[in-house]
Amino acid sequence: NWTTGNVIEEQVAAIRALVGDRRAICGLSGGVDSAVAAALVQKAIGSQLTCVYVDHGLMRKGETEQVEKDFVAATGVQLKVVDAEERFLTALKGVTDPEEKRKIIGREFIRVFEQAQAEIVADEGPAVEFLVQGTLYPDVVESGGGTGTANIKSHHNVGGLPEDLEFKLIEPLRQLFKDEVRMVGQELGLPEEIVHRQPFPGPGLGIRIVGEVTKERLDLLREADAIAREELTAAGLDRDIWQCPVVLLADVRSVGVQGDGRTYGHPVVLRPVSSEDAMTADWSRLPYDVLAKISTRITNEVRDVNRVVLDVTSKPPGTIEWE
Ligand code: XMP
C-alpha cells in the first residue's frame, strides 16, 4: 500500500545501496521537483551529496534566499551557490528577442553549472559518479521510458579532468505524480513555500521583461511581482490559480498623473491563469477588490510604474508567458 513513508523508506534504501561510499551532485532550481529529489537523496547519503544552485539574477524577490537559507536549514544539505548575476546580465545586454534570451540564458546556465560541477569533481574526496534529477512519472512516459546516463560535456576543464564526464542518473521521483511529490516533500519537512510553489520558468524574469533585460528593470519587476504574490497569498488564492506572471512592458511608456505631476512610466501586466497542465489555460476571474489592491499598491510603491493592466486572454491563442 502506498504511503509517503514507504516511498521515502524504499528510495532511501535503494539510493544508499546504489551510491555506496561514492558521491552525487544535484542542481537546484528553486522548483519543487529538484528540491524534493535533493532532500530525498540527502536523507539517504548525507554529506556525500552536494547541491549546486546557480543564481542567474533573474529570480523573484526572496527566492534565492529561500534555497540558500530555508532549504538548507530544513535539509542540512551541502550547497554550493554560484552568484552569476553579472555574467548573465552581460550576456543579455542589448538582447530583446525572446528566443534569443532563452538560448543565452540556457547556454550560460550550462556553462556555469559545469564549472561548479568540475570544481566539485576535482576536490578531494570519493569519486563523484551520480547526478540527481527530479524527473517525474509524466516526464518518463512522455520521453518513452528507459533509464540512461547523462553525458555532460565539460568545456571548462579544471586541470586534468576528462573531456566528458559521465554521470549515472539518480531519479528518485520517477514513479511519482506531482501531487505525490508534494506529499513526499512535506513528509521530508520542506518549507511550505517550496512544496507548494507554483510553476516558474527556468529563464525566470528574463522572459517577463518585454525589451532589454537590465538590473534596474529586474529590480522594478521584482518589486511589482512581490506585491502581486503577497496580495494573492493574503487573499487565499494561491491554490486557485495555476500561476500569475507579472510582466514589465519595458519598451512601452504611457502618460499618467501622480500628486500634482505628470508621469511617463511603464505598465505592468497581471497574467493570472487557471490550468490543469499549462497546455491550455484560461484567465482567472480574480475578485475585483484583490485586483484593485494589487494595482494601487504597485503604482504607489514601484517607481516608474504608473499603470497596471489585466491580461484577459485564454491559451490558446495567448501563451501563459508573454515571451
Ligand atoms: P507558455 O508561455 O508556453 O508556458 O504558455 C507554459 C508553461 O511553461 C512555463 N515556461 C517555461 N518553463 N522554461 C521553463 O522552464 C521556459 O523557457 C519556459 N517558457 C514557459 C510557463 O511558466 C508555463 O508554466
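Helices and strands here are DSSP runs numbered from the N terminus, where a helix has at least four residues and a strand at least two. With that in hand, take Ala278: it sits in the loop between strand S10 (273–274) and strand S11 (282–283). Bear in mind as you look around that this is a predicted model.

**The whole chain**

Let's start with the big picture. The protein chain has ten helices and twelve strands. Its radius of gyration is 21 Å, close to the 20 Å that the globule rule gives for 323 residues, so the chain is as compact as a globular protein of that length. Along the principal axes, the C-alpha atoms fill a box of roughly 70 × 50 × 35 Å.

How much of the chain is buried? Buried residues make up 34% of the 323 residues. As for who touches whom, take the contacts with a separation of 6 or more: 75% of these are between residues 24 or more positions apart.

**Two domains**

The chain is divided into domain 1 (4–195) and domain 2 (208–310). Taken over C-alpha atoms, the centres of domain 1 and domain 2 are separated by 30 Å. Ten residues from domain 1 and eight residues from domain 2 take part in the contact. On the domain 1 side, the residues that touch domain 2 break down into four nonpolar, three polar and three charged.

**Around the ligand**

Which residues are around the ligand? They are Arg102, Pro199, Pro201, Gly202, Pro203, Gln243, Ala278, Lys315, Thr319, Ile320 and Glu321. Sorted by class, this shell has five nonpolar, three polar and three charged residues.

Ala278, the residue we opened with, is on that list. Its phi is near 70°, a positive value in a residue other than glycine. Ala278 is partly exposed, with 14 other C-beta atoms within 10 Å.

Lys315 is on the list too, and there is something to see at its peptide bond. The bond from Lys315 to Pro316 is cis, with omega near -10°. Move along to the bond from Pro316 to Pro317 and you find that it is cis as well, with omega near 5°. Pro316 lies in the segment after strand S12 (305–310), and Pro317 is also found in the segment after S12.

**Another positive phi**

Ala278 has company. Asp304, in the loop between helix H10 (288–301) and S12, has a phi near 80°, again a positive value in a residue other than glycine. Is Asp304 buried, exposed or partly exposed? With 15 C-beta neighbours inside 10 Å, Asp304 counts as partly exposed.

**Helix H9**

Now for a helix you can check with simple arithmetic. At 1.5 Å a residue, the 20 residues of helix H9 (residues 215–234) should span 28 Å, and the end C-alpha atoms of H9 are 28 Å apart, which agrees. The buried residues of H9 are a mixed bunch, including Leu218, Leu220, Leu221, Arg222, Glu223, Ala224, Asp225 and Ile227. What do the buried residues of H9 pack against? Their partners are strand S7 (246–248), strand S9 (261–270), H10 and S12. Right after H9 comes Gly236, with a positive phi near 70°.

**Two buried residues to visit**

Ala250 and Lys43 make good stops on the tour. Ala250 is in the loop between S7 and strand S8 (254–258), while Lys43 is in helix H2 (residues 32–45). A residue is buried if 20 or more other C-beta atoms lie within 10 Å of its own. Ala250 has 23 such atoms, so it is buried. Lys43, with 21 C-beta neighbours inside 10 Å, counts as buried too.

Their contacts are worth a look as well. Not counting residues up to four places away in sequence, Ala250 touches Ile209, Val210, Gly211, Arg217 and His266. Leaving aside such sequence neighbours, Lys43 is in contact with Val12 and Leu188.

Here is how two pairs of residues compare along the chain and in space:

| Pair | Separation along the chain | C-alpha distance |
|---|---|---|
| Ala250 and Thr214 | 36 residues | 9.9 Å |
| Lys43 and Ala224 | 181 residues | 37 Å |

Ala224, in the second row, is one of the buried residues of H9.

Notes: Residues are numbered from 1 along each chain as its sequence is written. This is a predicted model: local features need pLDDT of at least 70, side-chain atom pairs count only at pLDDT 80 or more; totals for chains, interfaces and linings use all residues. A residue is near a molecule or strand if its C-beta atom, placed from the backbone, lies within 6 Å of it. Ala, Val, Leu, Ile, Met, Phe, Trp, Tyr, Cys and Pro count as nonpolar, Asp, Glu, Lys and Arg as charged, and the others, Gly among them, as polar. The radius of gyration is taken over C-alpha atoms; the globule rule is 2.2 Å times the number of residues to the power 0.38. A residue is buried if 20 or more other C-beta atoms lie within 10 Å of its own, exposed if 12 or fewer, and partly exposed in between; C-beta atoms are placed from the backbone. Two residues are in contact if their C-beta atoms, placed from the backbone, lie within 7 Å. Domain bounds come from an automatic or database domain assignment. The expected span of a helix is 1.5 Å times one less than its number of residues.
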